[in-house]
Amino acid sequence: MTEPDLLILGAGPAGICAALAAREAGLETVVVDANPAPGGQVYRAAPASFRIHDHNPDRRNGERLRTALAGSGAVVASGHTVWSVGRDLRVDAVGPDGPVHWRPRALVVAAGTSERVVPFPGWTLPGVMGLAAATILLKSQAMLPGRRTVVAGCGPLLAAVAHGILKAGGEVAAVVDLASRRDWAVRLPALAARPGDLARGLGWRLRTTLARVPWRYRHGVRRAMREGDALTVEIGPVDGDGAPLDGPTTTLRADALVVGHGLTPATEVLRLLGARHEYRREAGGWVPVLDADQRTSVAGLYAAGDGCGVMGAAAAQQAGWLAGFTAARDLGRLAPDRYRLWTAPHRHRLARMRRAGRAMAGLLALRPGQVAAIPADTVVCRCEEITRTEIEAALACGVRDVNTLKSWTRCGMGPCQGRMCGETVAALVATRAGSRERAGIWTARVPLRPVDLAALTGEYEYADIGIPEAAPL
Amino acid sequence: MNPRIHRHIQRPPTVTLWVDDQPIDAHPGESLAAALLAAGIRCLRHSPRHGEPRGAFCFMGACQECLLTVDGRRVLACQETVREGLRVSTGAARD
């Protein structure tokens, strides 16, 4: 099926539910995903060769979604890297069996997020990893990030990771949290819509207390240093905006530091196709402008899940259902009355879960004070090793948007394609440009991910190369 | 200490792979990045400009820090699955 009715990019909770909805409406549906199995990052599957006897709610939810998807009749292309999407919605990918492409009539982008880590001296050292990376190690690889780990950053993943490490018998040196006790407390009422999650989160928090793990509120990592195989991590107090405050610093010894400062929607495909976006700090950054039915500003293009604003897995599923039904409606495959009936419960649940999701997303939003405090010689762009000093020099010369900065300094030009540093760089440029809107966002380009040229071309003989006829003189 | 968690988990028997000509044991199906971490191999390459040590960072195929060579192919260790006899070269030789 190379010309399906609908193609869905991403097999996380939003993408899976969009596929279930599309199949319910009878659409020929293809789901394309980079990971070995569906589930996204939140419900990431363990390797099929592992036998797991621990059935926590995340694992149960993931299995439930995977089973539903497998029985839905949707074609699932796991292990495929999408490197190009054209304006005609042609999708090009490289999979285990080489290059593939599809020409769907409609496209749902459910690409999720990438983790934002605001740079500090030492963040490029081996042993320093993302907080989301730690959840992948714990959940899908059943592995500790280190013997003794510092867990730092902000948001609900702090408690999830600290608990995961302790439960597995590992050691947590400290939890270093940018938020204050009060920042957490004011969000608790909004979480009442998700009592199960709330109870689980409080349980994780309690477990760290019982294990006598110091939880340092309103603290941030100042720097990390390497001593042989060990890391020393200096932490200090910060204000509500993440900026360091005068006050005693503490040095922690560990062999791993896992750190994450929130999530940023992965919007490159939507931007490549020209969908309208807006900057919303509390939603995680630049997000597509959607109507009430998950349509983007481009005909035939829909979006759902955290990739269009961070709200969490529960809301992502409801938005996925809505996107799938709307695509079917627009393709003329779902009658208006049925569309209203089928979408109503999902709209209702989405509204309820949005509140809880947004309360948590508030903790994850970028803190400009933290970016402003990045020391001068710190590497900001990991790939091209561009420091804060080099970025400031370009700004002093008059650079006022991120794409000019990229051409000027190579910042964001490396193999990660600006995914790791983009948010930090844009925040730095915005201080001179006046706003994130003026600072802009990297131009999305093909290839969307680095791909092996040999994998694209496959095996060929000299005679296979087409030689065009010479142009008439 | 082996960082692998054993409670409630049964893994298939280990296989041997070769990392910079040294044997390491790992379980089939594991991600190569995780297997290297478990074997205590943290530095996977050096940065192109300043030659600083780098290791796996995002574990989800975004940051490109864990790029290395497996059986002659350039792959991300976090997206590669452990199989018997893999020959891995990291760029860590200078460390």
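This passage describes the domains, sheets, helix packing and chain contacts of a predicted model.

Chain A is divided into three domains, of which domain 1 is made of two segments, 6–114 and 264–363, while domain 2 spans 117–261 and domain 3 spans 374–439. Between the C-alpha centres of domain 2 and domain 3 of chain A there is a separation of 27 Å. The contact between these two domains involves five residues of domain 2 of chain A and seven residues of domain 3 of chain A. On the domain 2 side of chain A, the residues that touch domain 3 comprise four nonpolar residues and one polar residue, with no charged residue among them.

Within domain 1, strand β1 of chain A (residues 6–9) pairs with two other strands. Four bridges connect β1(A) in parallel to β8(A), which covers residues 106–109, and in this pairing Leu7(A) stands opposite Leu107(A). Another four bridges, again in a parallel arrangement, connect β1(A) to β2(A), residues 29–32, where Leu9(A) has Val32(A) as its bridge partner. The side chains of β1(A) alternate in direction, Leu6(A) and Ile8(A) pointing one way and Leu7(A) and Leu9(A) the other, and all four of these residues are buried. Together with helix α1 of chain A (residues 13–24), the strands β1(A) and β2(A) make a β-α-β unit that is right-handed.

Residues of helix α1(A) also appear in the surroundings of a tryptophan that is distant in sequence. Trp321(A) is located in helix α8 of chain A, which runs from residue 313 to 330. Trp321(A) is classed as buried because 27 other C-beta atoms lie within 10 Å, against a cut-off of 20 or more for a buried residue. Although Trp321(A) and Ile16(A) are separated by 305 residues in sequence, their C-alpha atoms are 8.6 Å apart in space. When residues up to four places away in sequence are left aside, the contacts of Trp321(A) are Cys17(A), Ala21(A) and His346(A).

A further sheet of chain A is open and consists of five strands in the order β10-β17-β11-β12-β13, with parallel pairing. Its edges are formed by β10 and by β13 (215–216) of chain A, each of which pairs on one side only. Inside this sheet, six bridges join β11(A), residues 148–153, to β12(A), residues 171–177, in a parallel manner, and Val151(A) is placed opposite Val175(A) of β12(A). Helix α3(A) packs on the sheet through contacts with β10, β11 and β17 (256–260) of chain A, and its direction makes an angle of about 115° with that of β17(A). Helix α4 of chain A (residues 157–167) lies across β11, β12 and β17 of chain A and runs at about 175° to β12(A).

Contacts between the chains involve 38 residues of chain A and 38 residues of chain B. On the chain A side, at least two residues each are supplied by β3 (51–52), β9 (113–115), β10 (128–130) and α3 (131–140), and the largest share, four residues, comes from α3(A), the helix that also packs on the five-stranded sheet. By residue class, the side of chain A that touches chain B contains 21 nonpolar, nine polar and eight charged residues. Strand pairing also extends across the two chains, in that two bridges join β3(A) to β1 of chain B (residues 9–10) in an antiparallel arrangement, with Gln10(B) as the bridge partner of Arg51(A).

Conventions:
Residues numbered from 1 in each chain as written. Chains lettered and ligands numbered in written order. Predicted model: local features only at pLDDT ≥ 70, side-chain atom pairs only at ≥ 80, totals over all residues. Domains from an automatic or database assignment. Nonpolar A, V, L, I, M, F, W, Y, C, P; charged D, E, K, R; others polar. Pairing = 2+ DSSP bridges. Buried ≥ 20, exposed ≤ 12 C-beta atoms within 10 Å, placed from the backbone. Right-handed = clockwise from strand over helix to strand, strands pointing away. Axes fitted to C-alpha atoms, helices over the stretch in contact; angles between N-to-C directions.
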